[in-house]
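Student: I should like to work through this structure by question and answer. Please reason each answer through to the value or name requested.

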Amino acid sequence: MVVVVAAVVEHGGGPVTVREFDGTSDRDRAAVERLEGACEVGPSAGKLCLFTDLLGDPLCRVRHSPAFLMLVRPTRRRCSHQSAIASSSIHPSLKCECLPCVPQVAEAGAGGEVVGVVRGCVKTVACGRGQDDLFSKVAYLLGLRVSPAHRRRGIGRALVARMEEWFRQAGAEYAYVATDRDNEPSVRLFTSRCGYAKFRTPSVLVHPVFRHDLAPPRRVAVLRIPTRDAELLYRARFAGVEFFPRDIDAVLSNPLSLGTFLAVPASSKPWRGAEAFLASPPPSWAVGSVWNSKDAFRLEVRGAPRLWRAAARATRAADRALSRWLLLRVPSVPNLFEPFGMHFLYGLGGAGADAPRMATALCRHAHNVARRAGARVVATEVAACDPLRGAVPHWPRLGAEDLWCIKRLADGYGDGALGDWTKAPPGASIFVDPREF
């Protein structure tokens, strides 16, 4: 579901109303695109600013999720289909194509301007604690944007409240949101005004894509495994990890998922399927999958001094000039100061004493996949205590420290063994769904 705010801005302000995004409206799509271009992602005071380009699709970050809705609210008349949805609980399997009617949207008067937007989806995920059968229906709230000229007017809070109404109708027991740990206005909005509690503190680790391939560690082989085998492996070894999606098969088979890769010692047996691997795994191994975010949205860094831009160009020129000599390859900073694409490494995990080295091999392989596809950075997100965190190559200046906040929506609790998930201690790992990254 995408909710937008329409406002009439006259003489410094005007009435504001919340309504649902109209995916059939060129006006709505263009307005949300303009809003995204005006809003930085994360804190901006004294720092570089990151902006997003949705490539003309405001739903790009929820379109591949298991349950999202694009509802419309008419100003006066309600068609029978819309009335039925408004007066009854919404089944999470409904998709936007289930809403063929297009009534007029409610505007706050003539000349209404979109000044805020938020997205949300509902899915079933694992609650962790190492139990493979402990799942809960959760809602994820993302992409909250408010026009800089209309902040501190309660618009963000109104958007969150409206989205939570749909979450409850969809049967979600919990809602959670990810924000930059240093984004004080965002943290204050959710924790002080919207009733969310600080929950998890994963890190976004980002590595630039150079003009040359990265060599894998010695005596390590990286294999691409079939999608069905990847699903079996993930369900067998990761179903007890927090936020592991029950529909992992849909994630892995999505066209944006470029494959699942397994790093094993070079002396390991040939791949004979997931069952054989699980029955007799090598002493150490690591697995990870690559998601093509580049074809969903683009990013752009703004606010960099000219000296930084010149230095980045110089590193690329040196990398290009020296790349023909293997021993003289140098790291380079890709052009991040114009819209660029990203690959996301998700489902990173492993086992064995040498698993960190295997994970490093996967990260280098993901870098090479991204280079051939034209992406300029590779990102992943790991829990604060993830045992593989130190093995992920990254540049700290390009990453971010996230804060996940959670709120219980249901009056009762889900599975009896879970209790109140908001008070559960963190696990060693966390699964970040690439569909909403």
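Student: Where does D386 lie, and is D386 buried or exposed?

Tutor: D386 is located in the loop between β14 and β15, where helices (H or I, at least four residues) and strands (E, at least two) are DSSP runs numbered from the N terminus. Buried means under 20% relative accessible area, exposed over 50%, and partly exposed in between, with a 1.4 Å probe and protein chains only. At 9% relative accessibility, D386 is therefore classed as buried.

Student: On what basis are such values given?

Tutor: The model is predicted, so local features need pLDDT of at least 70 and side-chain atom pairs count only at pLDDT 80 or more, while totals for chains, interfaces and linings use all residues. Residues are numbered from 1 along each chain as its sequence is written, and side-chain values use heavy atoms, with hydrogens and water left out.

Student: How far apart in space are D386 and G349, C-alpha to C-alpha?

Tutor: Along the sequence, D386 and G349 are 37 residues apart. In space, their C-alpha to C-alpha distance is 9.0 Å.

Student: Which residue meets R389 in a salt bridge?

Tutor: A salt bridge is a side-chain nitrogen of Lys or Arg within 4 Å of a carboxyl oxygen of Asp or Glu. The side chain of R389 satisfies this at 3.8 Å, N to O, and its partner is E401. R389 lies in the loop between β14 (377-382) and β15 (400-408) and E401 in strand β15, so the pair ties together parts that are 12 residues apart in sequence. R389 is partly exposed at 25% relative accessible area, and partly exposed at 33% is also the class of its partner, E401.

Student: How many salt bridges does the structure hold, and which residues are linked in a network of them?

Tutor: The structure holds 21 salt bridges. One of them joins the side chains of R435 and D433 at 2.6 Å, N to O. The network of salt bridges links K123, D247, D433, R435 and E436.

Student: Are R435 and D433 buried or exposed?

Tutor: R435 has a relative accessible area of 3%, which means that R435 is buried. For D433 the relative accessible area is 5%, so D433 is likewise buried.

Student: What is the distance between the closest N and O atoms of E231 and R228?

Tutor: Both residues lie in helix α5 (residues 227-238), three residues apart, about one turn of the helix. E231 is buried, with a relative accessible area of 12%. The salt bridge from E231 to R228 has its closest N and O atoms 3.0 Å apart.

Student: Helix α5 also holds R235. What separation do the C-alpha atoms of R235 and I248 have?

Tutor: R235 is partly exposed, at 30% relative accessibility. R235 and I248 are 13 residues apart along the chain, and their C-alpha atoms are separated by 8.0 Å.

Student: Which residues form a positive surface patch?

Tutor: Patches are made of residues with over 30% relative accessible area and no salt bridge, with like charges joined within 9 Å and nonpolar side chains (Val, Leu, Ile, Met, Phe, Trp, Tyr) within 5 Å. One candidate to examine is R188, in helix α4 (residues 184-193), which is partly exposed at 38%. The positive patch is formed by R152, R157, R188 and R193.

Student: What is the phi of R152, and why is a positive value worth noting?

Tutor: Most residues other than glycine have a negative phi. R152 is found in the loop between β5 (135-146) and α3 (155-169) and is exposed, at 84% relative accessibility. Although R152 is not a glycine, its phi is positive, at about 65°.

Student: Where is R219 found, and what is its phi?

Tutor: R219 is in the loop between β8 (203-208) and β9. With a relative accessible area of 58%, R219 is exposed. The phi of R219, a residue other than glycine, is positive and near 60°.

Student: How many disulfides does a search of the whole structure find?

Tutor: A disulfide is a pair of cysteine sulfur atoms within 2.5 Å. Among the cysteines, C127 is buried at 1% relative accessibility, whereas C385 is exposed at 60%. The number of disulfides found in the whole structure is zero.

Definitions and conventions: Areas by Shrake-Rupley, 256 points an atom, 1.4 Å probe, with all protein chains shown as cover. Lys, Arg positive; Asp, Glu negative; His and termini not counted. Charge placed at Lys NZ, Arg CZ, Asp CG, Glu CD.
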